[in-house]
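Please open the structure in a viewer and keep the selection tool at hand. The tour below proceeds stop by stop, stating what to select and what is there.

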Amino acid sequence: GCVSEADDVIEAAQDITNSPAPAEESWYEITTDTFEVPSGEERFLCYAFDLEEDLTVDTWAFESRPVVHHLIVAETFGDEPDGLSECDVLFRPTWFPIFVAGTGDTNVPAPEGAGYVLEQGKRLLIQLHLLNASPEDVEEAVTLRLRRAENPDLEPIGMMVFGSMALALPPREASDVVDTCEMSDEVEIFTVFPHMHYLGTSLVV
């Protein structure tokens, strides 16, 4: 017998209907309390909380805000109070970093087969370095999005922070600052977050 074009269209439509629907992405959001940064001022704030559920995450995402210079997400073993508090420090030894972001939009997917394993009840902290260069006071809140991994059985990954705070730059000339970090075990690096200020022009890892 003959097969018409209409029969072909019907068969194709049935194939599409019977195919499994793609899995919807599931995201977990963390939003800080609202804070204010007066015009021309700088603040360091910490937002501490206990994680409400077990999470296996394969992507961190942050949509930048003009007032955020950088942020650090860390597991904390310190005594920071719940919610927002002033924390005018660069870093604390009781923080174990998990994620960082700077002035641009940030989307960090984990390598295939790996992810961030976060247990319910873990004490987390978001440190915000805030700088308001606008002529108006700013009222803002920050939201981080964590994509739940479809496969919860992933190889755990983490973050390392290293560098040098021993900066001594001669005036009116170019100079280099070099730091080394010897790994005790073999590691695979899948992303790097360089961070410099006005005098930095390039960074090589």
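**A nonpolar patch on the surface**

Begin by selecting Met160, Phe162, Met183, Val187, Ile189, Val192, Met196, Leu203 and Val205, which together make a nonpolar surface patch of about 850 Å². The coordinates on display belong to a predicted model. Within this selection, highlight Leu203, which is found in the segment after β13 (155–156). Leu203 has a relative accessibility of 43% and therefore counts as partly exposed.

Next, select Leu199, which also lies in the segment after β13. Is Leu199 buried or exposed? Its relative accessibility is 70%, so Leu199 counts as exposed. Add Leu169 to the selection and display the C-alpha atoms: those of Leu199 and Leu169 are separated by 9.5 Å, although the two residues stand 30 residues apart along the chain.

**Arg123 and its surroundings**

Proceed to strand β10, residues 123–131, where Arg123 is found. Arg123 is buried, because its relative accessible area is 17% and the cut-off for a buried residue is under 20%. Which residues surround Arg123, apart from its neighbours within four places in sequence? Select Ala48, Phe49 and Asp50, then Ala74, Glu75 and Thr76, and lastly Glu80, Pro81 and Asp82; Arg123 is in contact with each of these residues.

**Salt bridges**

The next stops concern charged pairs. How many salt bridges does a search of the whole structure find? The search finds 10, and three of them are visited here, starting with Glu86 and Arg43.

Select Glu86 together with Arg43: the closest N and O atoms of this salt bridge are 2.2 Å apart. Glu86 belongs to strand β6 (residues 83–86) and Arg43 to strand β3 (residues 42–50), so the pair ties together parts that are 43 residues apart in sequence. Switching to a surface display, note that Glu86 is exposed, with a relative accessible area of 52%, whereas Arg43 is partly exposed, at 22%.

Now select Asp58 and Arg147, which form a salt bridge whose closest N and O atoms are 2.8 Å apart. Why does this pair tie together parts that are 89 residues apart in sequence? Asp58 lies in strand β4 (residues 55–62), while Arg147 lies in strand β12 (residues 143–148). Asp58 counts as buried, at 17% relative accessibility; Arg147 is partly exposed, with a relative accessible area of 22%.

For the third pair, select Arg65 and Glu140, joined by a salt bridge with its closest N and O atoms 3.7 Å apart. This pair links distant parts of the chain, 75 residues apart: Arg65 is in the loop between β4 and β5 (68–76), and Glu140 is in strand β11 (residues 138–140). Arg65 is partly exposed, with a relative accessible area of 26%.

Before leaving the charged residues, return to Asp58 and Arg147 and add Glu25 to the selection: salt bridges that share partners join Glu25, Asp58 and Arg147 into one network.

**Confidence along the chain**

Finally, colour the model by pLDDT. The protein chain averages a pLDDT of 87, and 88% of the residues score at least 70. Where does pLDDT stay under 50? Select residues 16–22: pLDDT stays under 50 over this stretch, and the model has 0 contacts for these residues beyond four places in sequence.

Definitions and conventions: Residues are numbered from 1 along each chain as its sequence is written. This is a predicted model: local features need pLDDT of at least 70, side-chain atom pairs count only at pLDDT 80 or more; totals for chains, interfaces and linings use all residues. Side-chain values use heavy atoms; hydrogens and water are left out. Patches are made of residues with over 30% relative accessible area and no salt bridge: like charges are joined within 9 Å, nonpolar side chains (Val, Leu, Ile, Met, Phe, Trp, Tyr) within 5 Å. Accessible areas come from the Shrake-Rupley method with a 1.4 Å probe; for residues, only the protein chains shown count as cover. A salt bridge is a side-chain nitrogen of Lys or Arg within 4 Å of a carboxyl oxygen of Asp or Glu. Helices (H or I, at least four residues) and strands (E, at least two) are DSSP runs, numbered from the N terminus. Buried means under 20% relative accessible area, exposed over 50%, partly exposed in between (1.4 Å probe, protein chains only). Contact means heavy atoms within 4.5 Å. pLDDT is the predictor's confidence in each residue, from 0 to 100.
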